Amino acid sequence: MRITQGCFSFLPDLSDAQITAQVHYCLRQGWAVAIEYTDDPHPRNTYWNMSGLPMFDLQDPAGVISELNACRRANPGTYIRINAFDPTQGWETVRMSFIVQRPDSEPGFRLVRQETRGRSLHYTMESYAVARHPEGTRYRA
């Protein structure tokens, strides 16, 4: 199962040249770029670990790619994404987010059924990787 979150998630993985082109687009828009990683890609997990600080006022995509490569070396086998934040008043939000690294194997999610008061049913998703392995070891070979 392939995790589909953010822009381009239904496409094949982006090459480094394609990632650079997207970062260049973000920088031309005046957006700040940040790199984040996680081993828990649950769709409601919006709080990924930040790799370094957000890169405000950066003009050259090479700086972002350098930070991305450092994050890849420090966090092999995790999900890594690039976020582009628009600081323009009235927006002040993430305008683009896309995954740039995935583990070799993505075990997917299972649907968990919970019966609550009054025989009400609630459903949630749980990652197979999170259920089987402790944090930091989920996607190691």
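**Entry 1: Arg 119 and Asp 57**

I began with Arg 119, which is exposed at a relative accessible area of 72%; for these notes I take exposed as over 50% relative accessible area, buried as under 20% and partly exposed as in between, with a 1.4 Å probe and protein chains only. The model I am reading is predicted, and I accept local features at pLDDT of at least 70 and side-chain atom pairs at pLDDT 80 or more, while totals for chains, interfaces and linings use all residues. I number residues from 1 along each chain as its sequence is written, and side-chain values use heavy atoms, with hydrogens and water left out.

Arg 119 sits in the loop between strand S5 (109–115) and S6, where helices (H or I, at least four residues) and strands (E, at least two) are DSSP runs numbered from the N terminus. I looked up its backbone and found a positive phi of about 65°, although Arg 119 is not a glycine. Most residues other than glycine have a negative phi.

I then noted Asp 57, another residue other than glycine with a positive phi, here near 60°. Asp 57 belongs to the loop between strand S2 (49–55) and helix H2 (61–74), and it is exposed, with a relative accessible area of 75%.

**Entry 2: the chain as a whole**

I checked confidence next, using pLDDT, the predictor's confidence in each residue from 0 to 100. The mean pLDDT of the protein is 86, and 91% of its residues reach 70 or more. Confidence is lowest in helix H3 (residues 128–132), with a mean of 69, and highest in helix H1 (residues 16–28), with 97, so I read H3 with that lower mean in mind, pLDDT being the predictor's confidence.

I find three helices and six strands in the protein, and from the N terminus on they run α-β-β-α-β-β-β-β-α. The C-alpha trace spans about 55 × 40 × 25 Å along its principal axes, and 38% of the 141 residues count as buried. With contact taken as heavy atoms within 4.5 Å, I see that 54% of the contacts between residues at least 6 apart in sequence join residues at least 24 apart.

The unreviewed UniProt entry annotates residues 4–103 as "domain: Ribulose bisphosphate carboxylase small subunit"; such positions follow the numbering used here, feature names are shortened, and annotations may be inferred rather than shown by experiment. I looked at the two ends of residues 4–103 and found their C-alpha atoms 13 Å apart, with 27% of the span in helix and 31% in strand.

**Entry 3: Phe 8**

I located Phe 8 in the segment before H1, where it is partly exposed with a relative accessible area of 28%. Leaving aside residues up to four places away in sequence, Phe 8 touches Leu 14, Gln 22, Met 96 and Phe 98. Its C-alpha atom is separated by 9.8 Å from that of Val 100, although the two residues are 92 apart along the chain.

**Entry 4: salt bridges**

I searched the whole structure and noted four salt bridges, each being a side-chain nitrogen of Lys or Arg within 4 Å of a carboxyl oxygen of Asp or Glu. One of them joins the side chains of Asp 16 and Arg 72 at 3.0 Å, N to O. Asp 16 lies in helix H1 and Arg 72 in helix H2, so this pair ties together parts that are 56 residues apart in sequence. Asp 16 is partly exposed at 40% relative accessibility, whereas Arg 72 is buried at 19%.

Glu 36 forms a salt bridge with Arg 81, with the closest N and O atoms 2.8 Å apart. This pair also links distant parts of the chain, since Glu 36 is in strand S1 (residues 32–38) and Arg 81 in strand S3 (residues 79–86), 45 residues apart. Both Glu 36 and Arg 81 are buried.

I also recorded Asp 86 and Arg 95, whose side chains meet at 2.8 Å, N to O; Asp 86 is buried at 4% relative accessibility, while Arg 95 is partly exposed at 33%.

**Entry 5: a nonpolar patch**

Last, I looked up the nonpolar surface patch formed by Leu 111, Leu 121, Tyr 123 and Met 125, which together have about 400 Å² of accessible area. Nonpolar side chains (Val, Leu, Ile, Met, Phe, Trp, Tyr) are joined into a patch within 5 Å, and like charges within 9 Å, from residues with over 30% relative accessible area and no salt bridge; areas come from the Shrake-Rupley method with a 1.4 Å probe, and for residues only the protein chains shown count as cover. Strand S6 (residues 121–127) supplies the largest share of the patch, three residues. Met 125 lies in strand S6 and is partly exposed at 35% relative accessibility.
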